[in-house]
Amino acid sequence: MKSRNFRIAPSILSADFARLGEEVRAIETAGADLVHFDVMDNHYVPNLTVGPMVCEAVRRCVSVPIDVHLMVRPVDRLAADFAKAGANLITFHPEASEHIDRTLSLIRESGCKAGLVFNPATPLHHLDHVMDRLDMILLMSVNPGFGGQSFIASTLPKIAAVRARIDAHVAAGGQPIWLEVDGGIKIDNIGAVARAGADTFVAGSAVFGAPDPDGGYRGVISRFREALRDA
Ligand code: DX5
Ligand code: ZN
């Protein structure tokens, strides 16, 4: 477990959208490993955010990978549009796609890494026939739609269950798969999330809400890394 690489992915959902370019440059300078880009359609989730044009604009501002989390239905056309707009990883919710296997292939054929996202109550059986087609599994630790919600603790055993599936898959010769957790991640719970088996951590309000006297974005990201050192 110690040897696992940990990645911090600040979510732009809590950024100041009027200064988005500056905000994403600032998190990159502060040591973010990925930019987590939340896409909501007011249909799959009751909120509306940003589309491929904004992804293209963010792409010009940073060189870290852009991790696009699609909370949209249908998925396929937007997935292709985000690949063209400079996304590096694209994840979607299995229940939002008519044909999961087709959507995963479409994302990979467009040159991006592909992943599935599970809401707190979405069962893991959607993984059964696609483990060899996944680069990432994203577990939601809040219900999708809004930043600033509290971490749902029943996600911890679910993370451990997915970690076991990934480890078994890799031990059998399968490709590596990142395990990302999204929602309510703070300094005081990131260690437990890592110990349960996650390697990639989305944080929106914890990063962008960081008060300046505490060292701003760099301060939070380094405190996350400190907490992960002990995990
Ligand atoms: C929720 C989004 C999350 C959210 C995380 O639907 O997918 O990425 O922005 O925000 P915090 O860290 O504030 O829970
Ligand atoms: Zn997200």
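These legends describe several close-up views of one predicted model.

In this predicted model, local features need pLDDT of at least 70 and side-chain atom pairs count only at pLDDT 80 or more, whereas totals for chains, interfaces and linings use all residues. Residues are numbered from 1 along each chain as its sequence is written, chains are lettered from A and ligands numbered from 1 in the order in which they are written, and side-chain values use heavy atoms, with hydrogens and water left out.

**View 1. The zinc ion (ligand 2) and its donor residues.**
The zinc ion (ligand 2) is held at 2.1 to 2.3 Å by His 36 through NE2, Asp 38 through OD, His 69 through ND1 and Asp 182 through OD; donors are N, O and S atoms within 2.8 Å of the metal (3.2 Å for Na, K and Ca), and water is not among the atoms, so sites may look incomplete. Six donor atoms, with angles of 69 to 169° among them, make the site octahedral, a term used for six donors if opposite donors are over 155 degrees apart and all others between 65 and 115. Along the sequence, the spacing of the donor residues is H-x1-D-x30-H-x112-D. Because Asp 38 lies in strand β2 (residues 35–40) and Asp 182 in strand β7 (residues 178–182), this pair ties together parts that are 144 residues apart in sequence; strands (E, at least two residues) and helices (H or I, at least four) are DSSP runs, numbered from the N terminus. Asp 38 is buried at 5% relative accessibility, and Asp 182 is likewise buried, with a relative accessible area of 8%, where buried means under 20% relative accessible area, exposed over 50% and partly exposed in between (1.4 Å probe, protein chains only).

**View 2. Ligand 1 and the residues around it.**
Ligand 1 is surrounded by 20 residues, and the closest are Asp 38, Gly 148, Asp 182, Gly 204 and Ser 205; a residue counts as near a molecule if one of its heavy atoms lies within 4 Å of it. An N or O atom in the side chain of Asp 38 is 2.7 Å from an oxygen atom of ligand 1, while backbone N or O atoms of Gly 184 and Gly 204 lie 2.8 Å and 2.7 Å, respectively, from an oxygen atom of this ligand. Of the 380 Å² of accessible area that ligand 1 has on its own, the protein covers 100%, with areas taken from the Shrake-Rupley method with a 1.4 Å probe.

**View 3. His 93 beside the zinc donor His 69.**
His 93 is found in the loop between β4 (89–92) and α4 (100–109), and at 0% relative accessibility His 93 counts as buried. The side chain of His 93 makes a polar contact of 3.0 Å with the side chain of His 69; such a contact is a pair of N or O atoms within 3.5 Å, and within protein one must be able to donate a hydrogen and the other to accept it, while residues adjacent in sequence count only if both atoms are side-chain atoms. Setting aside residues up to four places away in sequence, His 93 touches several others, among them Tyr 44, Met 71, Asn 119 and Pro 144, where contact means heavy atoms within 4.5 Å.

**View 4. Backbone geometry at Pro 74 and Asn 42.**
Most residues other than glycine have a negative phi, and most peptide bonds are trans. The peptide bond from Arg 73 to Pro 74 is cis, with omega near -5°, and Pro 74 is found in the loop between β3 (66–71) and α3 (76–84). Asn 42, although not a glycine, has a positive phi of about 60°; Asn 42 lies in the loop between β2 and α2 (52–59) and is exposed, with a relative accessible area of 52%.

**View 5. Glu 23 and Val 24 in helix α1.**
Glu 23 has its place in helix α1 (residues 20–29) and counts as buried at 4% relative accessibility. Not counting residues up to four places away in sequence, Glu 23 touches Ala 15, Asp 16, Phe 208 and Tyr 217. Val 24, also found in helix α1, is buried at 0% relative accessibility, and, with neighbours within four places in sequence left aside, Val 24 is in contact with Ile 12, Val 35, Val 58, Cys 61 and Val 62.

Terms used. Tetrahedral: all angles 85-135°; square planar, octahedral: opposite > 155°, others 65-115°.
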